[in-house]
Amino acid sequence: MSTLQTIFFNDYQRSDYTITTCQLEFIVENSSTRVDNIMEIRRQNPQAKEIRLDGEMLDLELLWVNDALYDESMYTLQEDGLIIPMDMEEARIRVITRIYPDENTALEGLYRSGGIWCTQNEPEGFRRITYFLDRPDVMTRFTTKIIASAKDCPIILSNGNLRGTATLENGKHIAVWEDPIPKPAYLFALVAGDLGSIHDTFVTMSGKEVALAIYCDKGNENKCHHAMRSLKKSMTWDEEVYGREYDLEVYNIVAVDSFNMGAMENKGLNIFNSHYVLADEHSATDGDFMGIESVIAHEYFHNWTGNRITCRNWFELTLKEGLTVFRDQCFSADMNSQLIQRLDDVRSLRERQYVEDAGPTAHPIKPASYIEINNFYTATVYEKGAEVIRMLHTLLGVEGFRRATDRYFENFDGQAVGTEEFLWAMQQESSIDLTQFKRWYCQERTPTLCISSNYDPKAQTLTLSITQKVPKNVHNQEQLPYAMPFGIGLLDSKGREYELKSDNAMILRDGVVWIDKQVNDLVFENISEAPKLSLNRNFSAPVRIECSEIDYSFLMAYDTDGFVRYEAAQQFAIVTLQSMMDGEEPSVAYVNAYGKILEDTTIERMYKAQLLELPTLSMMMQFQEVIDVQAIHQALEKLKATLASRFAKSIERQVHELYEPGNSSIDAMSMGKRALKNRLLSLWMSLGDEVCASLCKRYYDESQSMTDRLAMLDLLENYAPDLSKEAFAHFYERHDDNTLVMNKYFSLLASSRREGTLQRVIALQEDKAFDKKVPNLVRALIGSFARNPVAFHEISGNGYDFVADKIIEVDGFNPQIASGLAGAFKSYEKLCPIQKGKMGSALERIKNHPNLSNNVNEIVSKVLNY
């Protein structure tokens with residue numbers, strides 16, 4: 001096991017040398033790939049006497065400096081780099097290496113996925129291709145020549161614009177790609193293979209025509225059209241909202257099955273996990289279609305927020321990711337529903353990032369240190385980072401934020417910068433000093449706002465007291481109060497909003513105040529009666545709220561802020577479930593409030609489905625000091641059955657009204673009908689009703705929508721297993737040759753709450769459709785099981801041992817995927833003594849395994865040492 005080495009932000013120094021241009025030649029063959037790399041070097045530190053190039057798992061064949069061939073005595077070759085004496089201002093280095101893509105199971109650098117050669121270089125994969133200054137602050141102009149078999153690789157792609165092709169007499173062909181825009185090595189990309197494709201064009205706002213193409217495995221071309229439409233919508237939106245025009249002649253996307261991440265924004269040649277490209281009505285759910293639109297947009301938006309302006313070092317990752325997530329969230333909201341998108345964003349943040357922020361791997365959006373940078377592609381850096389950007393957007397307003405981003409692009413285009421440069425641009429448009437706001441970048445954990453009110457009927461004023469409770473960081477150190485925008489609504493007894501007027505509160509605009517003190521006493525005037533409190537409207541800040549005065553029933557019925565109405569329903573359900581776990585019966589007030597929403601025909605169906613959603617088991621685990629999965633599970637099932645029994649006739653009637661078996665459209669109305677119907681069926685099935693079970697089986701048989709078929713399979717698996725066997729057998733027979741659909745199959749079975757799930761998952765590893773070398777399949781089967789609280793936390797501890805075995809096994813060939821699986825153990829500190837002992841044994845076994853990767857070692861060590 002290697003010694004863990006911590007890398008600190010404060011130790012960052014500019015590179016002694018930079019690489020201005022790089023000419024690459026790849027000779028792609030079945031056994032290996034030869035890489036010829038010619039670099040123009042310029043010294044940046046006059047005191048530097050040697051250059052150290054990063055490199056891993058490379059066979060060095062030849063090295064020249066300024067046309068002089070070097071022998072082994074003239075350089076130092078290390079396991080992770082190459083040191084060359086160099087006391088000169090400029091030099092040309094040529095290095096020839098050989099690499100073995102077929103043996104690259106870590107899927108970093110150049111590897112082979114099926115018959116396709118492709119790359120993944122973020123964050124540090126390029127050093128597995130050739131020796132280079134593999135760091136994001138070295139911006140280089142690349143020219144790439146690819147030589148490959150015309151038969152095996154008729155398609156050969158790289159970054160930038162195509163500058164020439166030729167056919168050779170030996171059955172090979174050549175393509176030369178030139179990227180005129182400097183970029184760091186992590187944005188380099190290459191693809192070679194026999195691929196199908198679809199093509200289109202886009203005309204930019206200045207009239208330039210851009211050639212668009214999406215490449216995929218042959219036979220999947222018809223599944224690329226939704227992705228192409230999404231790309232064109234993204235390009236239009238970025239021009240209209242941010243004034244950002246695309247800058248190359250071509251924009252290519254390639255879909256591959258074996259990919260560690262979701263997608264990669266390589267300049268002009270995006271490489272995608274096929275899950276985020278391929279979709280049709282027979283294989284994709286409503287969520288899949290929405291996800292593709294979002295991720296296609298995200299990678300395109302990186303062209304300006306990530307590529308043209310990139311991060312100076314990996315500590316600054318949120319500079320590009322937080323900003324780009326915010327941009328793709330806004331795009332999705334504009335393309336679909338503002339409210340539903342906001343609820344989805346908040347739900348994702350709370351399910352993933354809040355848990356991360358409360359646990360052993362908590363870190364700021366701009367970490368101060370790391371051991372393995374791959375472990376910091378996290379919900380904190382991405383989703384919380386996006387919320388920090390959203391707060392700036394709220395502070396500046398739409399027009400002010402646009403002016404600030406224009407200033408950012410104008411001043412820093414073509415550079416590698418940090419969050420300070422971005423915040424400088426924001427400060428130029430803000431009348432409020434952002435010094436205190438910057439704490440969002442360097443502090444961790446989720447702050448809580450403790451809120452109380454005092455109404456003075458004589459003065460007709462309301463004093464709202466907001467106290468910030470800021471947790472200590474992971475090192476048990478005190479942290480300071482934040483500055484934030486905070487959405488407030490004060491409602492009269494009929495649900496009408498009071499206009500916020502105050503002499504001591506800083507009101508940014510209607511309904512939004514600025515909070516920057518430990519204790520904030522805000523006095524609002526002209527309040528004719530004691531108001532109902534509507535807090536953190538539109539989820540204006542990523543905080544928790546503690547307030548005993550919130551009238552959940554009232555807000556569920558009357559609040560005009562869609563988020564707060566949803567939040568009231570969620571919090572009322574949480575309080576009800578907590579009381580049930582203490583032995584009480586379900587709250588009559590909650591059941592009645594739930595019924596009013598159920599019967600309200602004026603609520604848009606997709607939103608209604610969200611309002612009727614009960615908290616997930618994993619969400620409820622966040623509120624327990626000692627996790628008791630079975631208690632939560634039993635309470636949830638009892639509450640479902642109570643609601644289903646009370647409103648049985650209404651539920652049955654609405655289910656029949658909403659069912660449209662032949663409709664697989666992804667328009668808002670159709671998706672809303674499916675979402676609401678499936679929400680109601682999940683309640684009805686909790687009664688163990690044979691009529692409902694038969695109905696679910698019939699709906700599975702009849703429906704043309706993958707969303708419906710998967711929902712019915714899930715309900716049958718958990719409530720009517722005798723009926724589910726036939727349905728799953730049919731599903732398997734129909735889709736066993738489609739990896740994307742089989743991901744769903746494995747995930748459903750691994751997420752089952754029935755007894756025996758672990759045994760079924762173990763058996764599924766032998767299924768012909770499962771391949772442990774394909775990340776999507778590992779995430780679908782092993783990852784889904786690890787995220788299944790009922791099965792994973794089963795009292796025997798066998799779930800812990802199984803996942804530990806899989807982490808050790810996968811770590812041997814793909815550490816990045818293995819460390820992702822290790823995240824399942826982050827609940828260790830909150831388990832009861834018996835389960836904690838069993839999980840601790842599994843963690844120790846992982847930690848003590850020889851040759852454990854830094855990726856897994858870092859996660860496991862933090863969990864054990866917390």
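Q: How many cavities of 30 Å³ or more does the structure hold?
A: Keep in mind that this is a predicted model. Counting a cavity as a spot where a 1.4 Å probe fits but cannot get out, the structure holds four of 30 Å³ or more.

Q: What is the volume of the largest cavity?
A: Let's start with its walls: H275, L278, A279, S283, A284, D288, L740 and K744 line the largest cavity. That lining splits into four nonpolar, two polar and two charged residues. The volume of the largest cavity comes to about 60 Å³.

Q: How many charged residues are in the lining of the second largest cavity?
A: This cavity has a volume of about 40 Å³. Its lining is made up of T318, L319, G322, I365, G385, I389, T419, F422 and Y441. Sorted by class, five of these are nonpolar and four polar, and the charged count is no residues.

Q: Which helix gives the most to the lining of the second largest cavity?
A: Three elements supply at least two lining residues each: α5 (379-412), α6 (419-427) and α3 (317-335). With three residues, the top contributor is α3.

Q: Which residues have the most contacts inside the largest nonpolar core?
A: The largest nonpolar core has 290 residues. To this core, α5 gives the most, with 14 residues. The residues with the most contacts inside the core are I84 and F825.

Q: Which residues does I84 touch, not counting those up to four places away in sequence?
A: I84 is one of the two best-connected residues inside the largest nonpolar core. Leaving out residues up to four places away in sequence, I84 touches E50, I51, L53, L63, V65, Y70, Y75 and I93.

Notes: Residues numbered from 1 in each chain as written. Predicted model: local features only at pLDDT ≥ 70, side-chain atom pairs only at ≥ 80, totals over all residues. Heavy atoms only, no water. 1 Å grid on protein atoms, 1.4 Å probe; cavity = no way out; pocket = protein on both sides within 12 Å on 5 of 7 lines; lining within 4 Å. Points joined across faces, edges and corners; volume = space filled by probe spheres on them. Nonpolar A, V, L, I, M, F, W, Y, C, P; charged D, E, K, R; others polar. Helix = DSSP H or I, 4+ residues; strand = E, 2+ residues; numbered from the N terminus. Core = buried A, V, L, I, M, F, W, Y, C linked by side-chain atoms within 4.5 Å. Buried < 20%, exposed > 50% of the residue type's maximum accessible area, 1.4 Å probe, protein only. Contact = heavy atoms within 4.5 Å.
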